Amino acid sequence: MAPFIFVCAQQATTPQEPASEQVFKNIQVFKGVPANDLIPSMEFMAASLKIECTGCHDGQDYAKDTQTKGVARKMILMQRDINAKNFNNRNQVTCNTCHGGKENPAGTPFPTGVSLRHERLNPAPNTADLFAKHIASAGTQDGPIVRTGTLTAPNDATHKIETLPLEFIQAPGGKFRMVAGERKVMSNGTQTTYGTYPMAGEPAFVFNRIGRTWYGADTFATLERPTVSGKDTIGKAQVVVVRATSPTTSSTQELSFDTKSNLLIRMVNVRRSSLGNVVSSIDYSNCRKVGGMQVPMKVVVTFAGDEQWIMDFKTAKIDPSIAGSTFGG
Ligand code: HEC
Ligand code: HEC
C-alpha cells in the first residue's frame with residue numbers, strides 16, 4: 001500500500017511534526033492536524049464502515065476527490081462538532097458509533113430477519129387479487145374459532161422466558177380473547193385491553209392486528225391505500241409484499257403473501273414516532289383445516305427490540321355457542 005510507505009518516509013526526515021497539508025496534496029478537514037495522524041484516521045474510518053481504502057479513494061490517486069470522500073469530509077466535521085458540543089471534545093461519538101461496521105447506518109431497529117427493502121416486482125400484481133386469493137385459499141368461517149396450545153414469552157415481571165397454557169378465541173369483526181396464565185388480552189373489535197387496562201400505542205395495534213387477521217375479509221378491512229412494494233423471501237418462501245399506509249394511525253403495514261399457497265404469512269407494522277420508527281412483525285405458519293378454513297397453528301409475534309410471543313396451537317375448533325360478551329365491551 002503506497003501511501004503508508006510515503007508517510008513513513010516523511011516522518012523519518014521531519015522532526016517537528018508537519019501538518020497534513022504540508023505532506024499531502026488535497027487536504028481540507030485535516031488542515032493543522034499532524035501528518036502522522038492522517039493514516040491512522042483513515043484506518044479508523046475504513047474499519048468503522050468496514051470498507052476498503054478504495055471505498056472512498058481512487059486507487060490510482062489518493063489525492064483525487066470522489067463523491068464518498070466529500071461525504072466523509074462532512075461526516076468528520078459532524079463528528080468533531082457533536083463531540084465538541086456534547087462531550088467536551090472527547091471522541092464519544094465516532095464513525096463507529098453510528099455506522100458500526102456498515103456503510104449505511106440503520107436509523108430503525110428492526111426485529112431480526114425483518115426488512116422493508118424488497119426487490120422490485122414488474123409487473124406488480126393487483127392488491128385486490130392478492131387479498132381475494134388469500135381469502136379463497138384460506139377459506140372463510142362465520143363462527144368463533146377456538147385454538148388452544150401454549151404461549152412462550154418473557155414473564156412480565158421477571159422477563160424470564162416461560163411457557164403457559166394458551167386459549168385464543170377469534171370472532172368476526174376483530175373480536176378476540178387470548179388467555180395465557182395471568183395474561184388476558186381481549187378486544188371487542190374497537191378497544192383492546194390487557195387485564196383490566198386499556199391497551200394503547202404500538203402493542204394495542206399489534207394485538208388488534210392479530211385479532212382481525214386470518215379471518216376472511218376482516219384481515220384486509222382496515223388497510224388504507226394498499227400497493228405492491230415488491231418481492232422477497234421469508235425463509236424458503238417466495239413472497240409478494242403489499243404495503244398499506246395509514247395517516248390516521250401514523251403507521252405503515254406490510255403484508256407478505258406466499259406465492260405458492262397464496263396465504264398471508266407475515267404482517268409487519270411500522271409505527272412512526274418523533275424519534276424514529278418502531279417495527280414489529282407477526283408470522284403465521286403450520287396451517288390446519290378447521291371447518292372449511294385454514295387456520296395458522298403457529299403465530300409468532302416479534303416486538304420492536306426482538307421480544308417474542310410464540311403461540312403454538314395444538315387444537316382448533318369452531319364453537320358457535322361462544323357469546324359476544326366473551327370479548328368484553
Ligand atoms: C470513509 C472514506 C475514507 C476511507 C475509507 C479512507 N479515506 Fe483516505 N481520505 C478520505 C478523505 C475525506 C480525505 C481528505 C481529508 C481532508 O480533506 O483533509 C482522505 C485523504 C487521504 C490521503 C491524502 C491524499 C492527499 O494527498 O491529499 C491519503 C494518503 C489517504 N486518504 C489514504 C487512505 C488510506 C491508506 C486508506 C485505507 C486505510 C483510506 N485513506 C481510507 C476519506 C477516506
Ligand atoms: C451521528 C451518526 C453518524 C456519525 C458519527 C457518522 N456518520 Fe456517516 N452517516 C450517518 C448517516 C445517518 C448516514 C446516511 C445518510 C443518508 O443516507 O443520507 C451516513 C452516511 C455516510 C456515508 C455515505 C454512505 C453511502 O454509501 O452513501 C459515508 C461515506 C459516511 N457516512 C462516512 C462516515 C465517516 C467516515 C464517519 C466518521 C468520521 C461518519 N460517517 C460518522 C451517520 C453518521
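**Figure 1. Strands β4 and β5 pair around a short turn in this predicted model.** The bridge partner of Met186 in β5 is Thr193, and this pair belongs to an antiparallel arrangement in which β4 and strand β5, residues 192-194, are joined over three bridges. The two strands form a hairpin with three residues between them, and in the turn Gly189 has a positive phi of about 105°.

**Figure 2. Strand β3 is paired with β4 as well as with β2.** Strand β3, residues 175-180, and strand β4, residues 183-188, run in the antiparallel sense and share six bridges. Among the bridged residues, Phe176 has Ser187 as its partner in β4, while Ala180 has Arg183 as its partner in β4. A hairpin with two residues between the strands links β3 to β4, and Gly181, which sits in its turn, takes a positive phi of about 60°. On the β2 side, strand β2, residues 161-171, also pairs with β3 in the antiparallel sense over six bridges, and Phe168 finds its bridge partner in Met178 of β3. The hairpin of β2 and β3 has three residues between the strands, and there Gly173 has a positive phi near 80°. Because five of the six residues of β3 are buried, this strand is largely enclosed by the rest of the structure.

**Figure 3. Phe176 is one of the residues with the most contacts inside the largest nonpolar core.** This core has 48 residues, and Phe257, Leu264, Ile282 and Met311 stand beside Phe176 in the group with the most contacts inside it. Strand β10, residues 264-272, makes the greatest contribution to the core, with five residues. When residues up to four places away in sequence are left out, Phe176 touches Phe168, Ile169, Gln170, Ala171, Met186, Ser187, Gly211 and Phe327. Ser187, listed among these contacts, is also the bridge partner of Phe176 in β4.

**Figure 4. Ligand 1 is surrounded by 26 residues.** The closest of them are Phe24, Phe30, Met42, Cys53 and Cys56. The elements that give two or more residues to this shell are α3 and α4, and the largest share, six residues, comes from α3. Sorted by class, the shell around ligand 1 consists of 17 nonpolar, five polar and four charged residues.

**Figure 5. Ligand 2 has 16 residues around it.** Met45, Ala72, Met75, Cys95 and Cys98 come nearest to this ligand. Two or more residues of the shell are given by each of the elements α3 (38-49), α4 (67-86) and α5 (95-99), and α4 supplies the largest share, six residues. By class, the shell around ligand 2 holds 10 nonpolar, five polar and one charged residues.

**Figure 6. Asn83 and Asn89 are in contact.** Asn83 lies in helix α4, whereas Asn89 is placed in the loop between α4 and α5. Leaving aside neighbours within four places in sequence, Asn83 is in contact with Asn89, Arg90, Asn91, Gln92 and Val93. Although Asn83 and Val93 are 10 residues apart along the chain, their C-alpha atoms are separated by 6.4 Å. Asn83 counts as partly exposed because 16 other C-beta atoms lie within 10 Å, and Asn89 counts as exposed because it has 10 C-beta neighbours inside 10 Å. The phi of Asn89 is near 65°, a positive value in a residue other than glycine.

**Figure 7. Two loops carry further backbone features.** Trp214, found in the loop between α7 (201-212) and α8 (218-221), has a positive phi near 70° although this residue is not glycine. Trp214 is buried, because 24 other C-beta atoms lie within 10 Å. In the loop between α5 and α6 (127-138) lies Pro123, and a cis peptide bond with omega of about 0° joins Asn122 to Pro123. Most residues other than glycine have a negative phi, and most peptide bonds are trans.

**Figure 8. The domain assignment gives two stretches of the chain, domain 1 (2-99) and domain 2 (127-323).** In the predicted model, the C-alpha centres of domain 1 and domain 2 lie 50 Å apart.

Notes:
Residues numbered from 1 in each chain as written. Chains lettered and ligands numbered in written order. Predicted model: local features only at pLDDT ≥ 70, side-chain atom pairs only at ≥ 80, totals over all residues. Near = placed C-beta within 6 Å. Helix = DSSP H or I, 4+ residues; strand = E, 2+ residues; numbered from the N terminus. Nonpolar A, V, L, I, M, F, W, Y, C, P; charged D, E, K, R; others polar. Core = buried A, V, L, I, M, F, W, Y, C linked by C-beta atoms within 7 Å. Buried ≥ 20, exposed ≤ 12 C-beta atoms within 10 Å, placed from the backbone. Contact = placed C-beta atoms within 7 Å. Pairing = 2+ DSSP bridges. Domains from an automatic or database assignment.
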